[in-house]
Amino acid sequence: MPHLNYPVSRRSFLAGTAASGALIMLHPFSARAQANQAHLRIMETTDIHVNVLPYDYYADKANDTGGFWGSHMGLIDLLLERDGSKWRVASATSEARPIYERVDKANKPTVADDQRVVDALKADHEATLAYVRRPVGKTSAPLYSYFALVADDPSVQIVNQAQSWYLKDILKSTQWKDVPLLSAAAPFKAGGRNGADYYTDVPVGDIAIKNVADLYLYPNTVRAVEITGAQVKEWLEMSAGIFRKIEPGKADQALIDTEFPSYNFDVIDGVSYGIDLSQPPKYDAKGGVANAGSNRIVGLSFDGKPIDPAAKFVVATNNYRAGGGGNFPDINASKIIYEAPDTNRDVIVRYVVSEGTINPSADDNWSFTPLPGTSVVFETGPKAKDFISGVKSLKIEPAGEGESGFAKYRILL
């Protein structure tokens with residue numbers, strides 16, 4: 001049950017599953033669970049009492065649980081006993097068994113392939129590879145996400161370009177044809193818990209379908225919401241919660257709040273703005289108001305002028321965000337004006353095909369406001385060194401090795 005936009009509480013949802021023997025919930029993140037992430041777990045039910053919690057949902061405790069993308073096999077072992085006319089669980093254990101281990105920064109299999117399965121899937125596997133490797137266009141600039149959390153970024157830029165292109169054509173004959181169109185997108189592959197290799201990296205040249213899947217991991221569908229200029233600002237205030245409060249004049253402060261998911265760091269194209277890191281986050285990672293008087297978003301402008309808080313804007317986004325995913329202030333289903341049948345991923349493919357050759361170079365529509373005598377540090381993939389010269393909006397320099405294969409960089413604010 002991935003990415004539920006819960007219309008009722010999770011406990012209420014679980015209460016309705018009392019007739020089931022076990023409830024299995026999966027979420028594609030790392031084997032080390034963090035607070036508020038739903039991984040493999042068996043919930044206690046009425047008829048068969050199972051209470052095996054690799055992730056302690058009610059206490060929000062982090063535990064080793066199921067991994068992502070087939071990295072682990074989830075094993076549930078139940079000892080059942082007959083109790084009159086019903087079965088009950090006498091004991092239960094659960095385990096996430098990895099299928100590989102990391103050795104010298106590479107994956108080493110811990111189990112052998114089953115040749116019968118390999119042979120049975122061979123034709124379909126090869127046909128799938130041929131399909132996803134098929135070029136759909138070209139890119140005149142590299143697509144990478146190594147700096148997606150600290151600067152305007154080409155991997156997010158191309159998503160926003162495609163979403164705007166798609167909706168502009170659709171809305172041209174509607175009542176919203178003259179309403180300014182913006183677009184919001186977030187980096188999906190930005191390291192974090194998924195490791196130092198978990199970044200988008202597409203070189204100049206052909207763009208294949210597999211590259212688009214790399215740019216946009218999830219099968220979201222396009223949505224358009226109508227909001228005010230004031231709500232655009234609050235949307236960005238929520239996104240800026242990914243950054244820690246930075247003390248002016250202090251060196252090498254940690255920049256990124258690692259508990260804030262990168263897929264909630266939306267960049268809105270069509271406006272320009274600065275982020276004042278000396279201000280505390282206005283919202284916490286769950287969307288709650290943390291510092292009501294804070295204003296991290298400064299210089300917010302549209303068409304070269306300060307944004308009108310009362311002005312109307314249409315924002316292209318996805319069904320997750322438009323439906324309230326991430327708990328962004330005032331962004332919910334009541335704001336939706338258009339529900340597209342197409343996935344964001346397919347829209348990117350169609351955009352690339354239409355353009356032939358794309359230029360995804362970031363337009364630097366957002367940046368950090370200067371803080372003289374101040375520096376921050378962040379971690380990214382080691383291949384970032386090949387692209388550091390392309391980040392024009394920041395003064396970035398190497399700052400040594402990070403943990404778990406990451407590279408550390410310093411930003412001079």
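**Aromatic contacts and helix α3**

1. Tyr144, Tyr146, Tyr199 and Phe387 form one aromatic cluster. This is a predicted model. In total, the structure holds 17 aromatic pairs.

2. One pair joins tryptophan 235 and phenylalanine 328. Their ring centres lie 6.3 Å apart and their planes meet at 70°, so the pair is edge-to-face. The contact links distant parts of the chain, 93 residues apart. Tryptophan 235 belongs to helix α5 (residues 229-239), while phenylalanine 328 is in the loop between α6 (319-322) and β17 (336-343). Tryptophan 235 has 0% relative accessibility, so it counts as buried. Phenylalanine 328, at 4%, counts as buried too.

3. Tyrosine 263 and tyrosine 320 form another edge-to-face pair, with 6.3 Å from centre to centre and 75° between the planes. Here too, distant parts of the chain are linked, 57 residues apart. Tyrosine 263 sits in the loop between β11 (253-254) and β12 (267-269), and tyrosine 320 in helix α6. Both tyrosines, 263 and 320, are buried.

4. Two rings carry a charge over them. The charged end of arginine 321 sits over the ring of phenylalanine 328, 4.1 Å from its centre. The charged end of lysine 189 sits over the ring of tyrosine 198, at 5.3 Å from the ring centre.

5. Helix α3 covers residues 154-171, which is 18 residues. At 1.5 Å a residue it should span 26 Å, and the end C-alpha atoms are 25 Å apart, which agrees. Buried residues of α3 include Pro154, Val156, Ile158, Val159, Tyr166, Leu167 and Leu171. Polar names are on that list as well, among them Ser155, Gln157, Asn160 and Gln163.

Note on methods:
Residues are numbered from 1 along each chain as its sequence is written. This is a predicted model: local features need pLDDT of at least 70, side-chain atom pairs count only at pLDDT 80 or more; totals for chains, interfaces and linings use all residues. Side-chain values use heavy atoms; hydrogens and water are left out. Helices (H or I, at least four residues) and strands (E, at least two) are DSSP runs, numbered from the N terminus. The expected span of a helix is 1.5 Å times one less than its number of residues. Buried means under 20% relative accessible area, exposed over 50%, partly exposed in between (1.4 Å probe, protein chains only). Rings of Phe, Tyr and Trp (its six-membered ring) pair if their centres lie within 6.5 Å; planes under 30 degrees apart count as stacked, over 60 as edge-to-face and the rest as tilted. A charge sits over a ring if NZ of Lys or CZ of Arg is within 6 Å of the ring centre and within 35 degrees of the ring normal.
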